[in-house]
Amino acid sequence: MTEKEINKILRRRFCTAGWTLLIYYGILNVMVLLTMFVQGMADALEMIRAGALPDPGKLTAGIAGNAWGYLYAAAVGLVILIGWKGLPFLGKEMWRPRGKMDSASFLSVLCVFVSAQLVFSVLTGLLNALLSPLGVDITASVEAATMQSSSVSMLLYGCLVAPLTEELLFRGLIQGMLRPYGKRFGIIASAFLFGMYHGNLVQTPYAFAVGLVLGYVAEEYSLGWCVLLHMFNNLVLGSLLPGLAGMLPGVSGALLQGGILLAFSVAALGVLVVNIPKIRNYREANRMDGRCLTCFFTNAGTIFVILVFAASMVLMLSV
């Protein structure tokens, strides 16, 4: 078989990962738009019954805090996943043991995981410094990336349902598709799609970094630990910690939040330095065929993913 024929086969096999993500993204948007339309019509009729003209501002505010569309989309996605992979996929894949997650391993992973938040903060500052002189405002992107849950439905989706469905999709299904072509390749490719999925210039690099950690945890421990870490990120780091910081007077909240992230980041640096030999051995034991990455980034599914979510990033910058 020639090199060209091998690359053609690889592109065709990797294409499924991109199309799987785009199908889920399409379902998500359709369900969200339908829910927004239904709620908007219901709220407008309620205003008319009360003898007032529909207020666009109130209608928009009511729709903005509604995450039921995301919850419905998650339910549809799970039904499709079960129909595709079978019900045992949820149980077997979720806690399939690959390695023992002892307390030392968990603390090490947690430190590296949380340190990505500091990377996000630094990257946000750098992007703002680079793009502001060009007249590009990243405020909308930052607000979308750091927005806290403002309703029960948003809290339920963002902190519980999204971590479960996204881990099943990215680390369970997509990374599972790519695993036969190498651990490192599967981790990097699924993390890239996870980053692009967020469709936010500020959030995408952060999500890619987090995806690398979660991909490693999925390979070496279990998908269940990925779900728990993802929930911890969205609930504790994304909602509880910023909420607590916001209740403190002056700059004390920001100092507290920054101090916690800095402490975890210093600990993460120590973990990485101490484990340099293990990291080197892991890389050697899991060599990656360059053809896989080339074919992954040049297949139609991945190209469409890049185009769709890059367009989302540009639109967010223009808001």
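This talk walks through helices, salt bridges and surface patches in one structure. Please note at the outset that the model is predicted.

Let me begin with helix H1, which covers residues 3–49. Helix H1 has 47 residues, and from its first C-alpha to its last it reaches 69 Å. That span is close to the 69 Å expected at 1.5 Å a residue. After H1 comes glycine 51, and the phi of this glycine is positive, near 85°.

Several residues of H1 deserve attention. Lysine 8 is found in this helix, and it counts as exposed because its relative accessibility is 57%, where exposed means over 50%. Lys8 also belongs to a positive surface patch, whose other members are Lys4, Arg12 and Arg13.

I turn now to the salt bridges. In general, side chains of opposite charge can pair when their charged atoms come close. How many salt bridges does a search of the whole structure find? The search finds 7, and I shall describe some of them.

One of them lies within H1: the side chains of glutamate 46 and arginine 49 meet at 3.6 Å, N to O. These two residues are 3 residues apart in helix H1, so about one helical turn separates them. Glutamate 46 is exposed, and arginine 49 is exposed as well.

Another salt bridge joins the side chains of glutamate 3 and arginine 291, at 3.4 Å, N to O. Which parts of the chain does this pair tie together? Glutamate 3 lies in helix H1, whereas arginine 291 lies in helix H13, residues 290–297, so the pair links parts that are 288 residues apart in sequence. Glutamate 3 is partly exposed, with a relative accessible area of 42%. Arginine 291 also counts as partly exposed, at 29% relative accessibility.

Arginine 291 has a further partner. Its side chain meets that of aspartate 289 in a salt bridge of 3.0 Å, N to O. Aspartate 289 has a relative accessible area of 33% and is therefore partly exposed. Through shared partners, salt bridges join Glu3, Asp289 and Arg291 into one network.

Next, I move to the nonpolar side of the surface. Trp68, Tyr72, Leu156 and Leu160 form a nonpolar patch, and together they have about 380 Å² of accessible area. Which elements give two or more residues to the nonpolar patch? They are helix H3, spanning 68–85, and helix H7, spanning 152–178. Leucine 156 has its place in helix H7. At 33% relative accessibility, this leucine counts as partly exposed, because the partly exposed class runs between 20% and 50%.

Helix H9, residues 203–220, has 18 residues and reaches 26 Å from first C-alpha to last. This is close to the 26 Å expected at 1.5 Å a residue. Is H9 largely enclosed or largely open? Of its 18 residues, 13 are buried, so H9 is largely enclosed by the rest of the structure.

My final point concerns alanine 64, which lies in helix H2, residues 56–64. Alanine 64 counts as exposed, at 54% relative accessibility. From alanine 64 to asparagine 286 the separation is 222 residues in sequence and 45 Å in space, C-alpha to C-alpha.

To close, I return to two items. H1 reaches 69 Å from its first C-alpha to its last, and Glu3, Asp289 and Arg291 are joined into one network by salt bridges that share partners.

Notes:
Residues are numbered from 1 along each chain as its sequence is written. This is a predicted model: local features need pLDDT of at least 70, side-chain atom pairs count only at pLDDT 80 or more; totals for chains, interfaces and linings use all residues. Side-chain values use heavy atoms; hydrogens and water are left out. Patches are made of residues with over 30% relative accessible area and no salt bridge: like charges are joined within 9 Å, nonpolar side chains (Val, Leu, Ile, Met, Phe, Trp, Tyr) within 5 Å. Accessible areas come from the Shrake-Rupley method with a 1.4 Å probe; for residues, only the protein chains shown count as cover. A salt bridge is a side-chain nitrogen of Lys or Arg within 4 Å of a carboxyl oxygen of Asp or Glu. Lys and Arg count as positive and Asp and Glu as negative; His and the chain ends are not counted. The place of a charge is taken as NZ of Lys, CZ of Arg, CG of Asp or CD of Glu. Helices (H or I, at least four residues) and strands (E, at least two) are DSSP runs, numbered from the N terminus. Buried means under 20% relative accessible area, exposed over 50%, partly exposed in between (1.4 Å probe, protein chains only). The expected span of a helix is 1.5 Å times one less than its number of residues.
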